[in-house]
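Open the model in your viewer and keep the sequence panel in sight. The stops below say what to select and what to look for.

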Amino acid sequence: MDDVGSAATRAVVELHFPDSDIVYIDGSSQASKSAGSSRNLGARHATGTHIAFLDDDDLWKPDFLTGCSNLISSGDADLIVSWAYFLQGDRETPGHSMPKGLSAADAYARNPGLTGSNFVISRRVFLELDGFDPDLWVSNDRDFLIRFLAAGYAYQVLEKRAVLQRVHTSGQLTSRTERRAQGLEAFRYKHVSRMTKRDMRFLNRELFSIRRVSADRRSHRVLYLIRQIATYTPTELAKLVARKLQSGQHTYS
């Protein structure tokens with residue numbers, strides 16, 4: 001699924017996979033340009049019992065699909081999620097490590113480890129949940145996990161790092177930009193009625209952290225730093241300061 005509509009990408013697919021189940025889908029004309037919309041379009045064209053998504057800058061290790069398939073065959077899970085590495089250049093560092101036994105309440109404050117590239121799901125279940133929310137251009141994976149768990153579906157964890165999630169210095173949805181801040185606000189608005197005060201503190205902390213960097217005025221950046229610090233309890237703040245002093249850093253994140 002190509003949400004850019006690249007003629008070069010189409011040519012590569014048609015050249016190397018002329019008579020296979022691999023097909024090129026041009027999604028550039030969709031009204032919504034979110035990653036969720038692109039994945040939903042791809043899912044609607046899929047024909048298998050299970051589907052998986054792989055962003056164009058991420059990688060699966062050879063045992064990802066095999067490991068997920070084995071877990072699907074051995075149990076009754078509707079979704080298999082793999083642990084991952086972060087990949088920056090040639091360096092691999094431990095990344096998302098989703099635990100077992102989570103409920104929807106465990107995912108409001110922060111994403112516990114589901115991304116667009118590290119899970120395999122029953123196509124039936126994905127469509128029953130209406131896929132990703134196309135109006136959320138960030139945190140759509142967290143939103144999907146919340147709805148999946150709230151609906152009572154089961155998941156299992158592939159406890160090996162079989163996915164490489166690439167980290168860029170800029171240009172990712174996770175970059176600290178005003179657009180990301182607005183996306184988090186949209187996520188918060190959608191789920192605020194079910195969040196605890198602790199969830200709100202964590203989410204606001206993330207929001208203020210982004211705007212502390214992205215604000216165009218120094219006075220605004222200072223204000224967001226103050227608001228970010230205010231989301232910590234005294235105990236949390238003491239632990240944070242101790243960690244920063246120990247590491248020689250003096251910024252908040």
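The expected span of a helix is 1.5 Å times one less than its number of residues. Keep that in mind for the first stop. One caution before starting: this is a predicted model.

**Stop 1: helix α6**

Select residues 178-191, which make up helix α6. The helix has 14 residues. From its first C-alpha to its last it reaches 20 Å, close to the 20 Å expected at 1.5 Å a residue.

Which residues of α6 are buried? Colour R180, A181, G183, L184, F187 and H191. They cover an arc of only 160 degrees around the axis, so they sit on the same side of α6. Now turn to the other side of α6, where R179 and Y189 are exposed.

What do the buried residues of α6 pack against? Show α5 (140-150) and α7 (197-214): the buried residues pack against these two helices.

**Stop 2: two arginines over rings**

Stay with F187, one of the buried residues of α6. Add R142 as sticks. R142 lies over the face of F187, at 4.5 Å from the ring centre.

Next, select R205 and F202. Here R205 lies over the face of F202, and the distance to the ring centre is 4.9 Å.

**Stop 3: the aromatic rings**

How many aromatic pairs does a search of the whole structure find? The count is 12. Select F53 and F119 to see one pair in detail. Their ring centres are 5.9 Å apart and their planes stand at 55 degrees, so the pair is tilted. F53 lies in the loop between β1 (50-52) and β2 (59-60), while F119 is in strand β5 (residues 119-122), so the pair ties together parts that are 66 residues apart in sequence. Are these two residues buried or exposed? Both F53 and F119 are buried.

Now extend the selection. F53 and F119 belong to one aromatic cluster with F126, F132, F144, F148 and Y153.

**Stop 4: strand β3 and its partners**

Select residues 79-88, strand β3. Three bridges join β3 to β5, and the two strands run antiparallel. Find V81: it stands opposite F119 in β5.

Then add strand β6, residues 155-166. Nine bridges join β6 to β3, and these strands run parallel. V81 appears again here, opposite V157 in β6.

Which strand pairs with β3 over four bridges? That is β4, in the antiparallel sense. Y85 has P94 as its bridge partner in β4. Follow the chain into the hairpin of β3 and β4, which has two residues between the strands. In this hairpin, G89 takes a positive phi near 70 degrees.

While the strands are on screen, look at the side chains. In a regular strand they alternate between the two faces of the sheet.

**Stop 5: β1 beside β5**

Return to β5 and show β1. The two strands pair in the antiparallel sense over three bridges. Select H50 and look across to S122, its bridge partner in β5.

**Stop 6: T115**

Finish in the loop between β4 (91-94) and β5, the place of T115. Why does T115 count as buried? Its relative accessibility is 9%, and buried means under 20%. Leaving aside residues up to four places away in sequence, T115 touches H96, D141 and Q165. Show those three side chains with T115 to complete the tour.

Notes
Residues are numbered from 1 along each chain as its sequence is written. This is a predicted model: local features need pLDDT of at least 70, side-chain atom pairs count only at pLDDT 80 or more; totals for chains, interfaces and linings use all residues. Side-chain values use heavy atoms; hydrogens and water are left out. Rings of Phe, Tyr and Trp (its six-membered ring) pair if their centres lie within 6.5 Å; planes under 30 degrees apart count as stacked, over 60 as edge-to-face and the rest as tilted. Buried means under 20% relative accessible area, exposed over 50%, partly exposed in between (1.4 Å probe, protein chains only). A charge sits over a ring if NZ of Lys or CZ of Arg is within 6 Å of the ring centre and within 35 degrees of the ring normal. The arc is that of the directions from the helix axis to the C-beta atoms. Contact means heavy atoms within 4.5 Å. Two strands pair if DSSP finds at least two bridges between them.
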